[in-house]
Amino acid sequence: EVLEARDLPSVAKYMKSPECRKVFVMLGAGASTSAGIPDFRSPEIGMSACCLTQSNLARFDLTHPEAIFEINFFRQNPKPFYALARELLPGRFRPTPTHSFVKLLHDHSLLHTCFTQNIDTLERRAGVPDHKIVEAHGSFANQRCVECRAEYDAVKMRECLKTGTIANCNQCGGLVKPDITFFGESLPEPFHRAVPFLRGADILFVIGTSLQVQPFASLPSLVPEHCPRVLINLEDVGDFGSRSDDVIILDKCDNVVRALAKELGWEEEFDAAWQE
Ligand code: OAD
C-alpha cells in the first residue's frame, strides 16, 4: 500500500513525496455545477431536469432527453441540440475552485493529463495549458459538416448558435455541428493517444462524474494497481473501494479540493488562483 490511510492527509503526504510525479485527473459535469452549469444525471438540478422539462421534450418531439446527443436523431432533427447549445455556449461561465486546483497541480509540475468529459472549456479558462487537457467529448472549438466533414467558419457558427439558426455546409448543404462527441460517434483522436499514459500514473483523481458513459468510465481501471485512486463526488460510483489505495470522499468537490490544497500547504495560492 502506498497511502498510510484512505484520507486526504495521507493523499497530501504521498503527493509531497518524490514517488508522486505524474498526477492524472478525470473530470465530469460535477466539476462545473458550482459555475451554474447543470450536470446530466443529478435529480432536481440535472440537465434533463432543468433544460429538458416535459414541456420541452414535447416541444422538441423528444422521446428521451439523451436523444439530443444522438447523431442519428440530430440528422433528423437538429433543433433541440441548437437550442441547448445556445444555453451551453462557452464564455458565459467562470471556472470553479476545482478547475483552479487542476491549474495548481500544473503549477507544481505534478499534472500529467486532465481528461475531461465537459465541453465548457473551463479547464482552459482556469489556465490549465491546452497540451495537458484531453477533451474526451470534444468541444465547441471547431465545427464541421456531419456528412462531408468539411470545416465550417467559427464566427458564423457562433452566430448560428446564438440565434438558434441551423447551420448548413457550404460544400454539400449537410448539417453542421460543433465537434462535440455525440452518442454513436467515436471519441476524438487525442483521447485515444492519451489513454496509454494512464499506465504510468502515480495518482488519479476522479471528480464530479457518474462514470456512466463509456469509454471514459473504464479509464480508472487502467492505472496500475499501486496507483492511489481518489474519488471526489457526491455519490459513490464505479468500482472505487475495490483496491487497497482507493480513497472515496463524498462531498462537494470545491470543498474537498480546498481542504486538500490546505493539506498540501497551497492554501494561499489556491485562494489567489480562484479569485483571479
Ligand atoms: P453526470 O451528470 O452523469 O454526473 C455528474 C456527477 O457529479 C454525479 O455523480 C453527481 O453526483 C456529481 N456531482 C454533481 N455536483 C457535484 C459537486 N458539486 N461536487 C461533486 N460531485 C458532484 O455527468 P458526467 O458523468 O460528466 O456526454 O456525464 C458524462 C457524459 O454524459 C457527458 O459528458 C455527456 C453526457 O451524455 C456527451 O455529451 C457525449
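In this predicted model, Pro215 sits in the loop that connects strands E6 and E7. The peptide bond leading into this proline, from Gln214 to Pro215, is cis, and its omega angle is near 0 degrees. Another backbone feature worth a look is found at Thr121, which belongs to the loop between E2 and helix H7 (122–125). Thr121 is not a glycine, yet its phi is positive, at about 55 degrees.

The two strands that flank the proline loop, E6 and E7, are members of an open sheet of 6 strands. Reading across this sheet gives the order E3-E2-E1-E6-E7-E8, and the pairing is parallel. Which strands stand at the edges? These are strand E3 (133–135) and strand E8 (246–250); each has a single partner strand, so one side of each is left without a neighbour in the sheet. On average, neighbouring strands are turned by 15 degrees against each other, when direction is ignored.

At the E3 edge, the partner is strand E2 (residues 111–116), and the two parallel strands are joined by 3 bridges. Readers who wish to find this pairing in the structure can look for Thr116, whose bridge partner in E3 is Glu135.

Helices pack against the sheet as well. Helix H10 (residues 253–263) touches E6, E7 and E8, and its direction makes about 135 degrees with that of E7. Helix H1 (residues 8–16) lies across strand E6 (203–207), strand E7 (229–233) and E8. The angle between H1 and E6 is about 135 degrees.

The remaining part of the picture is the ligand. How many residues surround the ligand, and which are the closest? The shell holds 22 residues, and the closest are Phe40, Arg41, Thr209, Ser210 and Glu235. By type, this shell divides into 6 nonpolar, 11 polar and 5 charged residues.

Several polar atoms of the protein can be matched with atoms of the ligand. Thr209, already named among the closest residues, places a polar side-chain atom 2.7 Å from an oxygen atom of the ligand. The side chain of Thr33 has an N or O atom at 3.1 Å from a ligand nitrogen atom. With Cys253 the backbone takes part: one of its polar backbone atoms is 2.9 Å from a nitrogen atom of the ligand. How much of the ligand's surface does the protein bury? Taken alone, the ligand exposes 810 Å², and the protein buries 95% of that.

Technical notes. Residues numbered from 1 in each chain as written. Predicted model: local features only at pLDDT ≥ 70, side-chain atom pairs only at ≥ 80, totals over all residues. Heavy atoms only, no water. Near = heavy atom within 4 Å. Polar contact = N/O pair within 3.5 Å; in protein donor to acceptor, adjacent residues only side chain to side chain. Areas by Shrake-Rupley, 256 points an atom, 1.4 Å probe, with all protein chains shown as cover. Nonpolar A, V, L, I, M, F, W, Y, C, P; charged D, E, K, R; others polar. Pairing = 2+ DSSP bridges. Helix = DSSP H or I, 4+ residues; strand = E, 2+ residues; numbered from the N terminus. Axes fitted to C-alpha atoms, helices over the stretch in contact; angles between N-to-C directions. Contact = heavy atoms within 4.5 Å.
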